[in-house]
Amino acid sequence: MLALLRDVAVALSPVAPGRAVALWERALEASAPEDPGRSELVAGLALAMAESGRPVGAEANCRRALASGVPPGVEETFRSCLIGAVLLQGRNVEADEETRKAVASPHLSQSDRAALLARPK
């Protein structure tokens, strides 16, 4: 059930992010807190929220995930989403601060750092 929810949410996110939010939320409800794939579900939810015009929710999910610790493989996704959510709210100075924090992370690759620095502001 969880895999199906995730797969449909992934497929729906680019074309109907608002509807995908509901599927990501259901997938999170169906997952155990200790599930190693949970951070990817939270990332999917946060990205869908940002894409569907809900940057406050996206920001909250990204901040919670980053504060609780995420695997290095998804850290860039959360940091990038957080920066985008803050920018969508018109908080450019804070977005610059978050970009500096992201670039300083030892878990990001050089290409991830370059992508974050190249983002339009």
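# Questions on an all-helix predicted chain

Read from the N terminus, the elements of the chain in this predicted model follow the order α-α-α-α-α-α-α.

Q: How many helices and how many strands does the chain have?
A: The run of elements from the N terminus reads α-α-α-α-α-α-α. The count that goes with this order, for helices and for strands respectively, is 7 and 0.

Q: Why does the chain count as being as compact as a globular protein of its length?
A: For 121 residues the globule rule gives 14 Å, and the chain comes close to that value, so it is as compact as a globular protein of that length. Along the principal axes, the C-alpha trace spans about 40 × 30 × 20 Å. The radius of gyration on which the comparison rests is 14 Å.

Q: What share of the contacts with a separation of 6 or more comes from residues 24 or more positions apart?
A: Of the 121 residues in the chain, 41% count as buried. Among contacts with a separation of 6 or more, the share that residues 24 or more positions apart account for is 47%.

Q: How far apart do the centres of the positive and negative side chains lie?
A: The chain carries 14 positive and 15 negative side chains, each set having its own centre. The distance between the two centres is 3 Å.

Q: Is R79 buried or exposed?
A: R79 belongs to helix α5, which covers residues 72-88, and its side chain makes a polar contact of 2.8 Å with that of E75. Beyond its neighbours within four places in sequence, R79 touches L66, K101, A102 and S105. Buried means under 20% relative accessible area. Because its relative accessibility is 17%, R79 counts as buried.

Q: Which residues is E98 in contact with, leaving aside its neighbours within four places in sequence?
A: E98 sits in helix α6, residues 92-104, and with a relative accessibility of 5% it counts as buried. Once neighbours within four places in sequence are set aside, the contacts of E98 are with R63, L82 and I83.

Q: What distance separates the C-alpha atoms of P36 and V70?
A: P36 is located in the loop that runs between α2 (17-30) and α3 (38-51). At 72% relative accessibility, P36 counts as exposed, the cut-off for that class being over 50%. Although P36 and V70 are 34 residues apart along the chain, the separation of their C-alpha atoms is 9.8 Å.

Q: What percentage of the accessible surface belongs to carbon and sulfur atoms?
A: The accessible surface of the chain amounts to about 6600 Å². Of this area, the part belonging to carbon and sulfur atoms is 58%.

How values were computed:
Residues are numbered from 1 along each chain as its sequence is written. This is a predicted model: local features need pLDDT of at least 70, side-chain atom pairs count only at pLDDT 80 or more; totals for chains, interfaces and linings use all residues. Side-chain values use heavy atoms; hydrogens and water are left out. Helices (H or I, at least four residues) and strands (E, at least two) are DSSP runs, numbered from the N terminus. The radius of gyration is taken over C-alpha atoms; the globule rule is 2.2 Å times the number of residues to the power 0.38. Buried means under 20% relative accessible area, exposed over 50%, partly exposed in between (1.4 Å probe, protein chains only). Contact means heavy atoms within 4.5 Å. Accessible areas come from the Shrake-Rupley method with a 1.4 Å probe; for residues, only the protein chains shown count as cover. Lys and Arg count as positive and Asp and Glu as negative; His and the chain ends are not counted. The place of a charge is taken as NZ of Lys, CZ of Arg, CG of Asp or CD of Glu. A polar contact is a pair of N or O atoms within 3.5 Å; within protein, one must be able to donate a hydrogen and the other to accept it, and residues adjacent in sequence count only if both atoms are side-chain atoms.
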